[in-house]
Amino acid sequence: MDLAQKNVVYLGGFGGIGQKVCAELLGRQLKALAVFDLLPNEQLLSEWQSKYPQTQTFYEKVDITKRSDLEAAYKAAAAKMSQFDVVVNGMGLMNDRMLLPTIEINLTGVIHSSLIALDYMDRTKGGQGGQIVNISSVAGLEPTAIMAIYSAAKHGVTAFTRALAHDFYFLRTGVAFVTICPGFTDTSLLHDLGDKTTFDIEAPKVYDRVKRQSAEVCAQNLVKAIELNKNAAVWLLDVGELKQLEMPVMWTPVLQD
Ligand SMILES: NC(=O)c1ccc[n+]([C@@H]2O[C@H](COP(=O)([O-])OP(=O)(O)OC[C@H]3O[C@@H](n4cnc5c(N)ncnc54)[C@H](O)[C@@H]3O)[C@@H](O)[C@H]2O)c1
């Protein structure tokens, strides 16, 4: 997908990874960029607006845990953009001491946002097709012992995104669904890990030694994945590399005679 003149909606666009991805996207001469996030970042927004005047960049306030916020933000964005070509669900929370917010921000929020976006983009409903990119995690690929709840939410994101990528839907809607699984990336999400684990017991030391990548490098690979626009792809973005994963098939239905 050539991103020039495309309309992009980015949820969590002021976050550590989100702001690097938005900057990278703006460098591709987008037509418009809608940033949905919990809090505004006036300074960053005006920096982007003056550096990339050819792109209409605007902010909509969204608490992802509130479906009404999402509906209002998509409606406001649709009034400014003729269509949504790419939607990235990139918000997140990693804190297993907060069970419900962990599920509501990482999983239910992604589901609501994807379904609302799909309604606008679905070719059978007058939309133009496009790409919905959901940020899962390596914790959405392998059970992560110290963050069991976050890991469960992220597995949910991976499963939901892969399910909606089925040809059964894609051939009708024209909307590709792509799963992004970053490895450890230097943002505030990883701060104070010890206070955010599932249980208040000392975490295995191995987690302190996991190699981290910068948010910039992660963002560059995320934009590459968007440009490749491969429906159903599950991308691993770890230690500065971008790799499409072969997902194992562990069960197939046995059919009745
Ligand atoms: N940093 C990592 O190591 C890492 C690894 C794998 C996956 N991820 C995932 O990447 C994504 C971005 O993470 P990050 O590292 O940039 O984290 P971050 O904490 O820097 O950013 C999180 C973003 O989510 C937004 N957000 C949080 N709660 C919200 C709410 N209720 N409503 C709306 N927005 C809300 C924040 O405002 C922020 O913009 C997340 O989905 C995260 O789970 C991060």
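Which helices each supply at least two residues of the shell around the ligand? I looked this up first and got α1 and α5. Helices here are DSSP runs of H or I with at least four residues, strands are E runs of at least two, and both are numbered from the N terminus.

Notes on the model. I am working from a predicted model, in which local features need pLDDT of at least 70, side-chain atom pairs count only at pLDDT 80 or more, and totals for chains, interfaces and linings use all residues. Residues are numbered from 1 along each chain as its sequence is written, and side-chain values use heavy atoms, with hydrogens and water left out.

Ligand shell. I listed 27 residues around the ligand (a heavy atom within 4 Å of it). Gly16, Ile17, Asp37, Tyr150 and Thr187 come nearest. By class I have 13 nonpolar, 11 polar and three charged. Ala, Val, Leu, Ile, Met, Phe, Trp, Tyr, Cys and Pro count as nonpolar, Asp, Glu, Lys and Arg as charged, and the others, Gly among them, as polar.

Ligand nitrogen distances. I found a nitrogen atom of the ligand 3.0 Å from a side-chain N or O atom of aspartate 63. For isoleucine 64, a backbone N or O atom lies 2.9 Å from a ligand nitrogen. For valine 62, the distance from a polar backbone atom to a ligand nitrogen is 3.4 Å. On its own the ligand has 830 Å² of accessible area (Shrake-Rupley, 1.4 Å probe), and the protein covers 89% of this.

Largest pocket. I checked where the ligand sits, and its space is the largest pocket (more than half of its atoms lie within 2 Å of the grid points). A pocket is an open set of points on a 1 Å grid over the protein atoms alone, where a 1.4 Å probe fits, with protein on both sides within 12 Å along at least five of seven lines; lining residues have an atom within 4 Å of a point. I noted a volume of about 1,200 Å³, the space filled by probe spheres set on the points. Its lining has 49 residues, with Gly92, Leu93, Met94, Tyr150 and Leu189 nearest the centre. α1 gives the largest share, three residues.

Note on methods. Polar contact = N/O pair within 3.5 Å; in protein donor to acceptor, adjacent residues only side chain to side chain.
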